[in-house]
Amino acid sequence: MKILVINGSPRGEHGNTQVLVKEFLEGAKETGAGTEIVYLKDKKIEHCVGCMDCMLKTPGICRHQDDMPDLMLRLREADLLVYAPPLYIFSVPGLMKDFMDRQFPMERKPYSIAHWSATRKCSSNTSMLTSKGWV
Ligand SMILES: Cc1cc2nc3c(=O)[nH]c(=O)nc-3n(C[C@H](O)[C@H](O)[C@H](O)COP(=O)(O)O)c2cc1C
């Protein structure tokens, strides 16, 4: 089983969220799972501009050239996807939200979930691991 953790903290490996991630992954490794962590703070992820090109003009392909196509391939390969953002104003940090918004092309070919299911392994399980500081 391949587990992919998306650390969505701007503090990355030095943050509180990483403490939880480490604990989680130590347990996961004991089960023999393969694990990988992506630190969004180290990735180039442009904001979605809402042009809808990935739906209407170039289905499945975003106009931005950044790290998202590679990240979407990694999502596709994972058996378990763990989102690990800290809580920011009762939500997620902007870099995590950009990462979520930019998965929009995955709804369309060649990243479409239906397409994956038909052709290759599909990431079917998603979990959330979050750290917070206030009450
Ligand atoms: C901009 C900002 C917004 C935050 N909003 C909340 C919040 O709404 N609720 C909460 O309990 N903690 C909030 N916190 C605290 C963080 O969730 C907490 O410090 C978290 O452990 C940080 O994780 P990190 O060290 O991995 O970045 C906020 C922190 C920041 C910097």
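What share of the contacts in the chain between residues at least 6 apart in sequence join residues at least 24 apart? In this predicted model, the share is 78%, and the sections that follow describe the strands, helices, core and loops of the chain in turn.

## Overall layout

The chain has 135 residues, of which 22% count as buried. Its secondary structure consists of five helices and four strands, and when these are read along the sequence they follow the pattern β-α-β-α-α-β-α-α-β.

The four strands form an open sheet in the order β2-β1-β3-β4, and the pairing is parallel. At the edges of this sheet stand β2, made of residues 34-39, and β4, made of residues 125-128, each of which pairs on one side only. From one strand to the next, the twist averages 20 degrees.

Within the sheet, strand β1 (residues 2-7) and strand β3 (residues 80-84) run parallel and are joined by five bridges. Two residues of β1 can be placed against their partners in β3: isoleucine 3 stands opposite leucine 80, and isoleucine 6 stands opposite tyrosine 83. Strand β3 also pairs with β4, again in the parallel sense, over four bridges, and here valine 82 stands opposite serine 127 of β4.

Helix α3, which covers residues 68-77, lies across β1, β2 and β3 and runs at about 140 degrees to β1.

## The nonpolar core

The largest nonpolar core contains 13 residues, and those that touch the most other members are Ile3, Leu4, Val5, Ile6, Leu40, Val82 and Ala84. At least two residues of this core come from each of β1, β3 and α4, the last of which spans residues 94-101. Strand β1 gives the largest share, namely four residues. As a general tendency, nonpolar side chains in soluble globular proteins are buried together.

Isoleucine 3 belongs to this core, and its surroundings can be followed beyond the core itself. When neighbours within four places in sequence are left aside, isoleucine 3 is in contact with Ala28, Ala33, Gly34, Thr35, Ala78, Asp79, Leu80 and Val82. Among these contacts, Leu80 is also the residue that isoleucine 3 faces in β3.

## The surroundings of the ligand

Around the ligand there are 14 residues, and the closest of them are Ser9, Gly15, Thr17, Pro86 and Gly133. Sorted by class, this shell has six nonpolar, six polar and two charged residues.

## Selected loop residues

Four residues in loops are set out below with their location and the count of other C-beta atoms around them.

| Residue | Loop | Other C-beta atoms within 10 Å | Class |
|---|---|---|---|
| Cysteine 48 | between β2 and α2 | 20 | buried |
| Methionine 52 | between β2 and α2 | 10 | exposed |
| Glutamine 65 | between α2 and α3 | 9 | exposed |
| Isoleucine 89 | between β3 and α4 | 7 | exposed |

Is cysteine 48 buried or exposed? Cysteine 48 counts as buried because 20 other C-beta atoms lie within 10 Å, and a count of 20 or more is what the class of buried residues requires. Apart from its neighbours within four places in sequence, cysteine 48 is in contact with Asp101, Arg102 and Phe104. With arginine 102 the separation along the chain is 54 residues, whereas the C-alpha atoms of the two are separated by 5.8 Å.

Methionine 52 lies in the loop between β2 and α2, and its class is exposed because it has 10 other C-beta atoms within 10 Å. The phi of methionine 52 is near 70 degrees, which is a positive value in a residue other than glycine. Isoleucine 89, in the loop between β3 and α4, likewise has a positive phi, of about 50 degrees, although it is not a glycine. With 7 C-beta neighbours inside 10 Å, isoleucine 89 therefore counts as exposed. By way of background, most residues other than glycine have a negative phi.

Glutamine 65, found in the loop between α2 and α3, is exposed because 9 other C-beta atoms lie within 10 Å of it. Glutamine 65 and glutamate 46 are 19 residues apart in sequence, and their C-alpha atoms are 8.4 Å apart in space.

How values were computed:
Residues are numbered from 1 along each chain as its sequence is written. This is a predicted model: local features need pLDDT of at least 70, side-chain atom pairs count only at pLDDT 80 or more; totals for chains, interfaces and linings use all residues. A residue is near a molecule or strand if its C-beta atom, placed from the backbone, lies within 6 Å of it. Ala, Val, Leu, Ile, Met, Phe, Trp, Tyr, Cys and Pro count as nonpolar, Asp, Glu, Lys and Arg as charged, and the others, Gly among them, as polar. Two strands pair if DSSP finds at least two bridges between them. Axes are lines fitted to C-alpha atoms, for helices over the stretch in contact, and angles run from 0 to 180 degrees between N-to-C directions. Two residues are in contact if their C-beta atoms, placed from the backbone, lie within 7 Å. A nonpolar core is a set of buried Ala, Val, Leu, Ile, Met, Phe, Trp, Tyr and Cys residues joined through C-beta atoms within 7 Å. A residue is buried if 20 or more other C-beta atoms lie within 10 Å of its own, exposed if 12 or fewer, and partly exposed in between; C-beta atoms are placed from the backbone.
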